[in-house]
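Hi everyone, thanks for making time this morning. I'd like to walk you through one structure, starting with a pocket and working outwards.

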Amino acid sequence: MSEITICKLSKEEFNSKKISTWEIWEKEVSKFSWKYEETEECYIIEGDIEVQTDTQTFNIKAGDFVVFPKNLSCYWIIKTPVRKYYNFII
């Protein structure tokens with residue numbers, strides 16, 4: 001199964017994806033399990049998150065562009081409140 005990918009986007013990449021038009025999701029400090037039914041791409045506006053999969057731990061912070069693959073099961077540990085733009089790829 002594919003793993004999470006994390007990268008930084010240039011301003012041009014951010015604008016070409018029209019990220020600022022995506023919905024915003026917010027979540028307080030918390031811990032929870034999650035399974036992605038669809039591939040999700042997101043841009044972290046605020047927050048500090050640790051996401052654990054069966055094989056790896058990912059540290060995600062503000063400014064990161066993240067892709068969570070379809071069918072990924074993981075465990076989220078939100079260390080500081082999160083705000084993110086998100087988009088599902090169906």
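Before anything else, please keep in mind that this is a predicted model. So let's begin with the residues around the largest pocket: that lining divides into 7 nonpolar, no polar and 2 charged residues. The nine names to look for on your screens are Trp 25, Phe 32, Trp 34, Tyr 36, Glu 40, Trp 76, Lys 84, Tyr 86 and Phe 88. Two elements give two or more residues to this lining, strand E3 (30-35) and strand E7 (73-89). Which of the elements gives the most? That is E7, with 4 residues. As for the volume of this pocket, we are at about 160 Å³.

Let me stay with one of the lining residues, Glu 40, which is found in strand E4. Is Glu 40 buried or exposed? Glu 40 counts as buried because its relative accessibility is 4%, and the cut-off for buried is under 20%. The side chain of Glu 40 has a partner there: a polar contact of 2.6 Å joins it to the side chain of Lys 84. Both Glu 40 and Lys 84 are on the list of lining residues. If we skip residues up to four places away in sequence, Glu 40 touches Val 66, Val 67, Phe 68, Lys 84, Tyr 86, Asn 87 and Phe 88.

Phe 68 takes us nicely to the interior. As a general reminder, nonpolar side chains in soluble globular proteins tend to be buried together. Here the largest nonpolar core has 16 residues, and those touching the most other members are Ile 4, Ile 49, Val 51, Ile 60, Val 66, Phe 68 and Trp 76. At least two residues of this core come from each of E4, E5, strand E6 (65-68) and E7. There is also another core apart from it, made of 7 residues, including Phe 14, Ile 19, Trp 22 and Tyr 43.

What does Phe 68 touch, not counting residues up to four places away in sequence? The answer is Ile 4, Tyr 36, Glu 38, Thr 39, Glu 40, Cys 42, Val 51, Ile 60 and Trp 76.

Glu 38 is on that list, and its place is in the loop between E3 and E4. With a relative accessible area of 26%, Glu 38 is partly exposed. Beyond its neighbours within four places in sequence, Glu 38 is in contact with Phe 68, Lys 70, Phe 88, Ile 89 and Ile 90.

Next, please look at Thr 53, in the loop between strand E4 (39-52) and strand E5 (57-61). Although Thr 53 sits in a loop, it is buried, with a relative accessible area of 13%. Its side chain is joined to that of Glu 3 by a polar contact of 3.1 Å. Outside the stretch of four places either way in sequence, Thr 53 touches Glu 3, Ile 4, Phe 58, Leu 72, Ser 73 and Cys 74.

Cys 74 is found in strand E7 and is buried too, at 7% relative accessibility. Cys 74 and Gln 52 are 22 residues apart along the chain, while their C-alpha atoms are separated by 5.5 Å. Leaving out neighbours within four places in sequence, the contacts of Cys 74 are Phe 32, Ser 33, Trp 34, Tyr 36, Val 51, Gln 52 and Thr 53.

For another cysteine, go to Cys 7 in strand E1 (residues 5-7). Cys 7 counts as partly exposed, at 35% relative accessibility. Its C-alpha atom is separated by 6.6 Å from that of Val 66, with the two positions 59 residues apart along the chain counted as their spacing. Cys 7 touches Gly 63, Asp 64 and Phe 65, with residues up to four places away again left aside.

I'll finish with backbone angles, for those of you who like checking them. Most residues other than glycine have a negative phi. Lys 18 has a positive value, near 55°. Lys 18 lies in the loop between helix H1 (11-16) and strand E2 (23-27), and counts as exposed at 54% relative accessibility. Asn 71 also has a positive phi, of about 75°. This residue lies in the loop between E6 and E7 and is partly exposed, with a relative accessible area of 35%.

That's my tour; over to you.

Technical notes:
Residues are numbered from 1 along each chain as its sequence is written. This is a predicted model: local features need pLDDT of at least 70, side-chain atom pairs count only at pLDDT 80 or more; totals for chains, interfaces and linings use all residues. Side-chain values use heavy atoms; hydrogens and water are left out. On a 1 Å grid over the protein atoms alone, a cavity is a set of points where a 1.4 Å probe fits but cannot get out, and a pocket is an open set with protein on both sides within 12 Å along at least five of seven lines; lining residues have an atom within 4 Å of a point. Grid points are joined across faces, edges and corners, and a volume is the space filled by probe spheres set on the points. Ala, Val, Leu, Ile, Met, Phe, Trp, Tyr, Cys and Pro count as nonpolar, Asp, Glu, Lys and Arg as charged, and the others, Gly among them, as polar. Buried means under 20% relative accessible area, exposed over 50%, partly exposed in between (1.4 Å probe, protein chains only). A polar contact is a pair of N or O atoms within 3.5 Å; within protein, one must be able to donate a hydrogen and the other to accept it, and residues adjacent in sequence count only if both atoms are side-chain atoms. Contact means heavy atoms within 4.5 Å. A nonpolar core is a set of buried Ala, Val, Leu, Ile, Met, Phe, Trp, Tyr and Cys residues joined through side-chain atoms within 4.5 Å.
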